[in-house]
Amino acid sequence: MNEHDELPHPSPTPDPRWREGYHFNGYDPASSVGLSISIGIRPALGVREEVVMIHRSTPLAFLNLRSLEGADPLRTGSLSIEPRVPLQRWSIQMADVFQTAGDQPTGDVSQPVELAL
């Protein structure tokens with residue numbers, strides 16, 4: 001692997017199934033909170049899929065499908081990711097509304113969340 005592995009790659013074909021994915025996982029033992037982020041970029045369809053989960057006693061979820069905007073699909077919308085040190089460190093920022101998730105129905109409960117990692 002080299003530093004180019006962390007940069008967006010051009011689609012090898014116009015196939016709408018082609019997807020470039022980014023995945024991040026983290027855990028804070030002091031607060032017992034985990035975080036999972038999955039981003040899928042589908043250039044042939046012109047969309048970016050976003051799934052962000054906050055794992056805690058009442059899990060929170062953010063699911064979104066948005067149109068690609070501008071030249072940098074990693075900094076589109078409320079979830080922005082940017083490589084700082086290739087293969088080592090990323091800047092991840094987000095501010096949006098999450099929904100409660102989990103096995104127990106909790107109604108339509110939403111909560112604003114801000115991330116700066």
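**A chain of strands and its salt bridges**

Read from the N terminus, the elements of the chain follow the order β-β-β-β-β-β-β. The model shown here is predicted. Its secondary structure amounts to seven strands and zero helices.

Some totals describe the chain as a whole. It holds 117 residues, of which 30% are buried. The accessible surface of the chain is about 7,400 Å², and carbon and sulfur atoms account for 53% of that surface. Contacts along the sequence can also be sorted by separation. Among the contacts in the chain with a separation of 6 or more, 35% link residues that stand 24 or more positions apart.

Attention may now turn to the charged side chains. The count of salt bridges in this model is eight, and three of these pairs are described below.

One salt bridge pairs aspartate 15 with arginine 17. The closest N and O atoms of aspartate 15 and arginine 17 are 2.9 Å apart. How exposed are these partners? Arginine 17 has a relative accessibility of 67% and therefore counts as exposed, since exposed means over 50%. Aspartate 15, at 24%, counts as partly exposed because this value lies between the limits of 20% and 50%.

Another salt bridge brings together the side chains of arginine 42 and glutamate 49, with an N to O distance of 2.7 Å. Is arginine 42 buried or exposed? Arginine 42 is buried, because its relative accessible area of 18% falls under 20%. Its partner, glutamate 49, has a relative accessible area of 23% and is therefore partly exposed. This salt bridge thus joins a buried arginine to a partly exposed glutamate.

In a further pair, the side chains of arginine 75 and glutamate 82 meet at 3.1 Å, N to O. Both partners belong to the intermediate class: glutamate 82 is partly exposed with a relative accessible area of 24%, and arginine 75 is partly exposed with a relative accessible area of 45%. Which residues does the network around this pair contain? Asp72, Arg75, Glu82 and Arg84 are joined into one network by salt bridges that share partners.

Taken together, the model presents a chain of seven strands without helices, in which eight salt bridges are counted. The partners described here include the exposed arginine 17, the partly exposed arginine 75 and the buried arginine 42.

How values were computed
Residues are numbered from 1 along each chain as its sequence is written. This is a predicted model: local features need pLDDT of at least 70, side-chain atom pairs count only at pLDDT 80 or more; totals for chains, interfaces and linings use all residues. Side-chain values use heavy atoms; hydrogens and water are left out. Helices (H or I, at least four residues) and strands (E, at least two) are DSSP runs, numbered from the N terminus. Buried means under 20% relative accessible area, exposed over 50%, partly exposed in between (1.4 Å probe, protein chains only). Contact means heavy atoms within 4.5 Å. Accessible areas come from the Shrake-Rupley method with a 1.4 Å probe; for residues, only the protein chains shown count as cover. A salt bridge is a side-chain nitrogen of Lys or Arg within 4 Å of a carboxyl oxygen of Asp or Glu.
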